[in-house]
Amino acid sequence: MRRIYPDIQDNPDIAQAYAYPGDRPWLRVNMVASTDGAAWLKGRSRGLSSTGDRRIFQTLRGLADVIVAGAATVRTEGYGPVPPRDWWAELREGRPEVPPIAVITRSLGFDLDAELFTDAPSRTIVITCEAAPHERRKAAARHCDVIVAGDDEVDLPLAMAELHQRGLTRVLCEGGPRVNAQLSACRLIDELCLSISPMLVGGGAARILNGEPAQVSLDLSQVLEEEGVLFCTYTRGSTDERAH
């Protein structure tokens, strides 16, 4: 792997390249897309991924305090508990050995006996709203930390504030496109890490944001490259209004 922007460097330190800036709360979205903008291939993101993308994916997880994902992504991608990794020891010094996963869901339409909810090394967080079925909320609370944010829908600014109050300020969002669009509309995204796979997909795949429109200025801060895959990091534009 090499860095090609803002400077040229062979074999950069990936953890250093993606280090969180300072101590302020920071929400990072990590996604992969085809060259023509598709967020998945045959319904899943794995077909767009590469060895370098998976290495960066694991590094970003190791750096994060919490991993946020929408219910559809958790179901489609088959999320399980985050496994401990020996090489995360330095990245996670002073923190639990793995970050918890926080699932955004209105309906709680999961198998709540699945390993993600019952046997995760770091207790899974369920982010839902008052309209969620009461019995399902009670069932989730037996094994998970349940955050109720909002009335009829999940209030994402309130949900992020609740994570921050728990000391989980380095937030990594892994999608999917609808959650990304909602976060962007709320001006909550500080950084986008986008792996661009050198293939054309076409068809009906969603883009990395799929939902309500939002126009947010971004600054390109870094580009890495490996085997034709570009790993771009964008941060919120300096003139864009921030939500926090």
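This report covers the sheet, a central strand, two helices of interest and two single residues in a predicted model.

## Overall layout

The model is predicted. Its 11 strands form an open sheet with mixed pairing. The strand order is 2-1-10-11-9-3-8-4-5-6-7. Strand 2 (9–10) and strand 7 are the edge strands, and each pairs on one side only.

UniProt, in an unreviewed entry, lists residues 25–222 as "domain: Bacterial bifunctional deaminase-reductase C-terminal". Across residues 25–222, helix makes up 25% of the chain and strand 21%. The end C-alpha atoms of that stretch are 20 Å apart.

## Strand 3: enclosed on both faces

Strand 3 spans residues 26–34. Nine of its nine residues are buried, so the strand is largely enclosed by the rest of the structure. In a regular strand, side chains alternate between the two faces of the sheet. Both faces of strand 3 are covered. One side carries Trp 26, Arg 28, Asn 30, Val 32 and Ser 34. The other carries Leu 27, Val 29, Met 31 and Ala 33. Charged or not, what is the status of Arg 28? Arg 28 is buried along with the others listed on its side.

Strand 3 sits between strand 9 and strand 8 in the sheet order. Strands of a sheet pair through backbone hydrogen bonds, either parallel or antiparallel. With strand 8 (residues 170–173), strand 3 pairs in the parallel sense over four bridges. Arg 28 stands opposite Leu 172 there. With strand 9 (residues 191–197), the pairing is also parallel and runs over seven bridges. Val 29 has Leu 192 as its bridge partner in strand 9.

## Helix 7: across the strands

Helix 7 covers residues 177–185. This helix lies across strand 3, strand 4 (66–70), strand 5 (101–104) and strand 8. Its direction is at about 135° to strand 3.

## Helix 5 and the strand 7 edge

Helix 5 spans residues 134–141, and its buried residues are Arg 137, Ala 139 and Ala 140. These three cover an arc of only 160° around the axis, which puts them on the same side of helix 5. His 134 and Glu 135 are exposed on the other side.

What does the buried side of helix 5 pack against? Its buried residues pack against strand 6 (125–128) and strand 7 (145–148). Those two strands pair with each other in the parallel sense over four bridges. Within that pairing, Ile 125 has Asp 145 of strand 7 as its bridge partner. Strand 7 is also an edge strand of the sheet.

## Two residues in short helices

Glu 115 lies in helix 4 (residues 115–118). Its relative accessibility is 48%, so Glu 115 counts as partly exposed. The cut-off for exposed is over 50%. Leaving out residues up to four places away in sequence, Glu 115 touches Pro 81 and Ala 120. Glu 115 and Pro 81 are 34 residues apart in sequence, yet their C-alpha atoms are 6.8 Å apart in space.

Gln 16 belongs to helix 1 (residues 14–17). At 62% relative accessibility, Gln 16 counts as exposed. Gln 16 and Thr 59 are 43 residues apart along the chain. Their C-alpha atoms are separated by 9.9 Å.

How values were computed: Residues are numbered from 1 along each chain as its sequence is written. This is a predicted model: local features need pLDDT of at least 70, side-chain atom pairs count only at pLDDT 80 or more; totals for chains, interfaces and linings use all residues. Side-chain values use heavy atoms; hydrogens and water are left out. Buried means under 20% relative accessible area, exposed over 50%, partly exposed in between (1.4 Å probe, protein chains only). Two strands pair if DSSP finds at least two bridges between them. The arc is that of the directions from the helix axis to the C-beta atoms. Contact means heavy atoms within 4.5 Å. UniProt positions are given in the numbering used here, feature names are shortened, and annotations may be inferred rather than shown by experiment. Axes are lines fitted to C-alpha atoms, for helices over the stretch in contact, and angles run from 0 to 180 degrees between N-to-C directions.
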